[in-house]
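Visitor: Hi, could you walk me through this one? I'd like to poke at a few spots.
Guide: Happy to, let's look at it together.

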Amino acid sequence: MAALSEEPAEVVVKPDPDGGVPPQSSPAPPPAAPPTTAPAEGEAAAAAAAAAASTGEAAPAKPPPPGPAASPAPTDRQTLLAVLQFLRRNNLRDSEDILRREARLLGEDLAAGTLSPSGAGAQGTPGGETEAAGGEALLSRVAAGSGTAGGSVAAGASATPGGAPVVAAPPGKVGGVPVEDQPDVSAVLSAYNQQGDPALYEEYYSGLKHFIECALDCHRAELSQLFYPLFVHMYLELVYNQHENEAKSFFEKFHGDQECYYQDDLRVLSSLTKKEHMKGNETMLDFRTSKFVLRISRDSYQLLKRHLQEKQNNQIWNIVQEHLYIDIFDGMPRSKQQIDAMVGSLAGEAKREANKAKVFFGLLKEPEIEVPLDDEDEEGENEEGKPKKKKPKRESMGSKSKKQDPNAPPQNRIPLPELKDSDKLDKIMNMKEATKRVRLGPEYLPSICFYTFLNAYQGLTAVDTTDDSSMIVGGFADSTVRVWSVTPKKLRSVKSAAELGLIDKESDDVLERIMDEKTASELKILYGHSGPVYGTSFSPDRNYLLSCSEDGTVRLWSLQTFTCLVGYKGHNYPVWDTQFSPYGYYFVSGGHDRVARLWATDHYQPLRIFAGHLADVTCTRFHPNSNYIATGSADRTVRLWDVLNGNCVRIFTGHKGPIHSLAFSPNGRFLATGATDGRVLLWDIGHGLMVGELKGHTDTVYALRFSRDGEILASGSMDNTVRLWDAVKVFEDLETDDFTTATGHINLPENSQDLLLGTYMTKSTPVIHLHFTRRNLLLASGAYSPQ
């Protein structure tokens, strides 16, 4: 079968603050060269239109500067006039008009050819303030594509509101700007050059703090979100400009005011005391290159703006404009509880636009397979009633997914492997098991069977169980992968080539004869990795096993021969997790290099690279329809990626620590996430909203799993407990009206104890894996840790 289109070998990945990396990355454009010929009308028009279009959504974050009207900086004004003159010279009147309208520049400026620093249009006109503001707002976006004052203009690149270069016109036609895949450290840090009197920083911050603390209750909670990003940027500005004593004093005085969930970040920040420390520091670069997103109501924002204008507090205003993205919404300000539920990630909240894309969260239509009756059923039942009762039950199992789900993706949206005969047999077995499945609920809790790894001195780091619960695998810190059979059937491998030559290939039981009974055992050990194994995953057909390791590779093992078939090399650093698609063939991996990669078993290069997280990708999960992948990260966000085009279609913020577990509900509508903060958060994928918060665990939640029918959510934690939650109750009375969706206002119940159905303690075993069998028996596993 055809896999998803593959990437070229040389890829340039441009991390976009809003999410995805286009799968077919283009090579970097050639270095800038002055244009020798006039461009075609369409090219420059496209560039100008891109520059104009990019101003659309970011306007709220760049309001006019406070105080009296000021003309744009001389270099900015010269640049803008140079662009306009270039467009006029090449008879591109439409583009020129669009640009002038955006910048609110008068025609006379250009007619006079004014390139002097004191631009006439900004002074003395009643609309001078808005005009200057418009010019600055536009210039901040045109700057990425502007050339020298001599009129050489780069139409090859425009800038997005987040600042990442986006190729808008064919590179090389007009002097193109080379697009770098990583921000240059010195360029990133140089933004901290503009600085005021270091002695006044404490006064500025105290003034704002006093203003916010004295504001009305309804505004105080929203405006308090400013404390942390302003504190970090002001501290970094002081350090960068080598005011070390002032920086230390500033940190000591105000670091105690920050929210408790930023403590780890502040610990890293406190170690940055010299300008030299800042170069190469990842946290520093993240904070500087990705705008911190705050979601604030219009009333609160106007209050803040008025205060900063009255106080002439330009230092803070500059940081707000330069480093923060304020997502303004109309309506009531949010309460402290609503804000606390959503904040806590490295880059603030997600922009509301980030969660607006359509997501096909429905399930794919199952192929129609005839389920034959069991022999025992036919024999052991009388002729009249019972078989008739049982038959419709079977049919309903098959027909449940025969109706097309309205939210499902088109069947051929991504190429999926065709079903083999063995897969069809497995599906039939699955349907038979399903008829004997226990229906769970608050009154009917599952039995739990716990597999404890004893004497695991090798350090158990990962566990997975096959879908039919016949095998369990452990990844260990001593770089081994160990596979156990948990049924009476032993693990057998195929005979050697010499022995296979002696077998009669025409016999009916040839598949049995090729297996070697002499070497059959309950445990097989797989050697190959050169570092701890952090993730394992069985393929749905139980023929293959994936493992990923600190050595930067993902390995594919055959469960027929118990040997390594392929080593996939793409990550340069430890790979923390890997998982097979529910349909097999595709798999995903995520690691310390902050990206997740999508692979196909028969391609040694990744098919997609999902870049956007600001820290390690710690866990990965396929959506049940295989069209989407969820990734959890140490940047405390969860992202949902579209497999088809590599775009990020959802960003979920709310956890206060790195995320370590993900689970989709069986119907594909909901996602559960667990993190080091001990909370389990529940998300509605279609609306992009948090719909539940389950509190109870006192340590990292490492395992999450929905029961087969989605009635119960099980969570396992390092606090040595398994907890069962009532998933039906959480999801049944959801408020997903238009207002909630538009503003992101969510009202979570104060207490999640009424959703907790049971807590089960182990003696001294942290729970690192959970699995529901096809009949809804819960299997849990972990390594015993002696006290």
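Visitor: How many residues lie between strand 28 and strand 29 in their hairpin, and which residue in the turn has a positive phi?
Guide: Five residues lie between them, and Gly710 in the turn has a positive phi of about 80°. Helices (H or I, at least four residues) and strands (E, at least two) are DSSP runs, numbered from the N terminus. Before we go on, this is a predicted model: local features need pLDDT of at least 70, side-chain atom pairs count only at pLDDT 80 or more, and totals for chains, interfaces and linings use all residues. Residues are numbered from 1 along each chain as its sequence is written, and side-chain values use heavy atoms, with hydrogens and water left out.

Visitor: How many bridges join strand 28 to strand 29?
Guide: Five bridges, between residues 701-706 and residues 712-717, and the two strands run antiparallel. Two strands pair if DSSP finds at least two bridges between them. Within this pair, Phe706 stands opposite Leu713, and Arg705 stands opposite Ala714.

Visitor: Which order do the strands take in the open sheet with strand 28?
Guide: The order is 28-29-30-31, four strands with antiparallel pairing. Strand 28 and strand 31 (756-761) are the edge strands with a single partner each, so one side of each has no neighbour in the sheet. From one strand to the next the twist averages 15°; axes here are lines fitted to C-alpha atoms, for helices over the stretch in contact, and angles run from 0 to 180 degrees between N-to-C directions.

Visitor: And what about the open sheet with the order 20-21-22-23, which strands stand at its edges?
Guide: That four-stranded sheet also has antiparallel pairing. Its edges are strand 20 (617-622) and strand 23 (648-653), each with a single partner strand, so one side of each is left without a neighbour in the sheet. The twist there averages 20° from one strand to the next. Strand 22 and strand 23 pair over five bridges, and Leu640 is opposite Arg650.

Visitor: Where does Arg636 lie, and is it buried or exposed?
Guide: Arg636 is in the loop between strand 21 (628-633) and strand 22 (637-642). Arg636 is buried, with a relative accessible area of 6%. Buried means under 20% relative accessible area, exposed over 50%, and partly exposed in between (1.4 Å probe, protein chains only). The phi of Arg636 is near 70°, a positive value in a residue other than glycine.

Visitor: Okay, Ser469 next. What is its phi near?
Guide: It is near 60°, again positive in a residue other than glycine. Ser469 sits in the loop between strand 6 (460-465) and strand 7 (471-476). Ser469 counts as buried because its relative accessibility is 13%.

Visitor: Switching to Pro532: which residues is it in contact with, leaving aside neighbours within four places in sequence?
Guide: They are Phe476, Ala477, Ser479, Cys548, Ser549 and Glu550. Contact means heavy atoms within 4.5 Å. Pro532 is found in the loop between strand 11 (523-526) and strand 12 (533-538), and it counts as buried at 18% relative accessibility. Pro532 and Asp478 are 54 residues apart in sequence, yet 5.7 Å apart in space, C-alpha to C-alpha.

Visitor: Any helices worth a look? At what angle do the axes of helix 9 and helix 15 cross?
Guide: The axes of helix 9 (residues 227-240) and helix 15 (residues 314-323) cross at roughly 105° and come within 10 Å. That makes helix 9 roughly perpendicular to helix 15; angles under 35 degrees count as roughly parallel, over 145 as roughly antiparallel, 65 to 115 as roughly perpendicular and the rest as oblique.

Visitor: Which residues meet there?
Guide: Leu230, His233, Met234 and Glu237 in helix 9 meet Gln315, Ile316, Ile319, Val320 and His323 in helix 15.

Visitor: Last one: how many helices and strands are in the protein chain?
Guide: There are 23 helices and 33 strands. Of the 787 residues of the chain, 52% count as buried.
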